[in-house]
Amino acid sequence: MAMPPIPPPGTPGSTQAAVVRIADIGSSGYTSLDEGSRLPAGVGLMATFSVQPIGHVRGGREVPEDDDWGGSEARIELDPKRFTKEALEGLDTFSHAEVVFVFDRVGDGEITYDARHPRGRKDWPKVGIFAQRGKNRPNRIGVSVCRIVRVEGLTVVVGGLDAIDGTPVIDIKPVMSGFAPRGDVTEPAWAKEIMAGYW
Ligand SMILES: C[S@@+](CC[C@H](N)C(=O)[O-])C[C@H]1O[C@@H](n2cnc3c(N)ncnc32)[C@H](O)[C@@H]1O
């Protein structure tokens, strides 16, 4: 069955949850793979895509500084146009959530594509952007594990979220021990040092 074209972002019909838009290919021959995504026939990889924020960080710190995040408390407020409180039902039975967000205050000219010294520290090794967790990354995606303080309607109050006021949030997942690393975690010395004053 032929699928209708996906409306461009910002037009009526484009604001449903989980819309993944294939931006750079023609509109013919869409195949429905599941309820939320449509891929053109014969195309196995998405070249570009857009993701709508599910909500925003409100409160907490206002300036993107490096350390002392442990005591921060903030709210994640879901978009009331797209969600009801049912989207958060049961989240309060978990102690922690993994929050996926966008470093929206990083400018185009700040992005690192290759290797750099973490925080510019020459006494630490130069490592690739995908071997560190700096904010200046190509897709500007941040992932943080934080404490769930409480859930109130469309709001999750979180502790220790290292995202500033206004940050777009693109997903929230409960932390499940079964998804924790299996086996020993190893890391270089600089990775331990960089975290010394972080929380
Ligand atoms: C080093 S990154 C790590 C984030 C996350 N824990 C991760 O591993 O992906 C965290 C830093 O990003 C900065 N930051 C937080 N929110 C930001 C935003 N919306 N735009 C740009 N920088 C942000 C803050 O300076 C914070 O110290």
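# Exercises on a predicted model

By the rule that a salt bridge is a side-chain nitrogen of Lys or Arg within 4 Å of a carboxyl oxygen of Asp or Glu, the count comes to nine salt bridges. This is a predicted model, in which local features need pLDDT of at least 70 and side-chain atom pairs count only at pLDDT 80 or more, while totals for chains, interfaces and linings use all residues. Residues are numbered from 1 along each chain as its sequence is written, and side-chain values use heavy atoms, with hydrogens and water left out.

## Exercise 1: a salt bridge between two loops

Find what parts of the chain are tied together by the pair arginine 140 and aspartate 108.

Solution. Begin with the contact itself: arginine 140 forms a salt bridge with aspartate 108, and the closest N and O atoms are 2.7 Å apart. Next, place the two residues: because arginine 140 lies in the loop between S7 and S8, and aspartate 108 in the loop between strand S5 (96-102) and S6, the pair ties together parts that are 32 residues apart in sequence. Here helices (H or I, at least four residues) and strands (E, at least two) are DSSP runs, numbered from the N terminus. Then compare the surroundings, where buried means under 20% relative accessible area, exposed over 50%, and partly exposed in between (1.4 Å probe, protein chains only). Arginine 140 counts as buried because its relative accessible area is 19%, whereas aspartate 108, with 64%, is exposed.

## Exercise 2: further salt bridges

Describe the salt bridge between arginine 121 and aspartate 123, then the one between glutamate 152 and arginine 150, and state how accessible each partner is.

Solution. For the pair of arginine 121 and aspartate 123, the side chains meet at 2.7 Å, N to O. Arginine 121 is partly exposed, with a relative accessible area of 34%, while aspartate 123 is exposed, with 53%. In the other pair, the side chains of glutamate 152 and arginine 150 also meet in a salt bridge of 2.7 Å, N to O. Glutamate 152 counts as partly exposed at 42% relative accessibility, and arginine 150 counts as partly exposed at 39%.

## Exercise 3: positive phi values

Examine aspartate 68 and arginine 119 for the sign of phi, and locate each residue.

Solution. As background, most residues other than glycine have a negative phi. Aspartate 68 has a positive phi of about 65 degrees although it is not a glycine; aspartate 68 belongs to the loop between S3 and S4 and is exposed, with a relative accessible area of 57%. For arginine 119, a residue other than glycine, phi is again positive, near 55 degrees. Arginine 119 is placed in the loop between strand S6 (115-116) and strand S7 (127-128), and with a relative accessible area of 33% it is partly exposed. As a last step, note that arginine 119 is linked with Asp66 and Asp67 in a network of salt bridges.

## Exercise 4: the shell around the ligand

Work out which residues come nearest to the ligand, and what kinds of residue make up the shell.

Solution. A residue is near a molecule or strand if one of its heavy atoms lies within 4 Å of it. Of the 19 residues around the ligand, Glu65, Asp104, Arg133, Asp162 and Thr167 come nearest. By type, the shell divides into nine nonpolar, three polar and seven charged residues, where Ala, Val, Leu, Ile, Met, Phe, Trp, Tyr, Cys and Pro count as nonpolar, Asp, Glu, Lys and Arg as charged, and the others, Gly among them, as polar. The largest share of the shell, three residues, comes from strand S8 (residues 141-152). Turning to single atoms, a backbone N or O atom of glutamate 65 lies 2.8 Å from an oxygen atom of the ligand, and a backbone N or O atom of valine 143 lies 2.9 Å from an oxygen atom of the ligand. A polar side-chain atom of serine 144 lies 3.0 Å from a nitrogen atom of the ligand. Finally, the protein covers 92% of the 600 Å² of accessible area that the ligand has on its own, such areas coming from the Shrake-Rupley method with a 1.4 Å probe; for residues, only the protein chains shown count as cover.

Notes. Polar contact = N/O pair within 3.5 Å; in protein donor to acceptor, adjacent residues only side chain to side chain.
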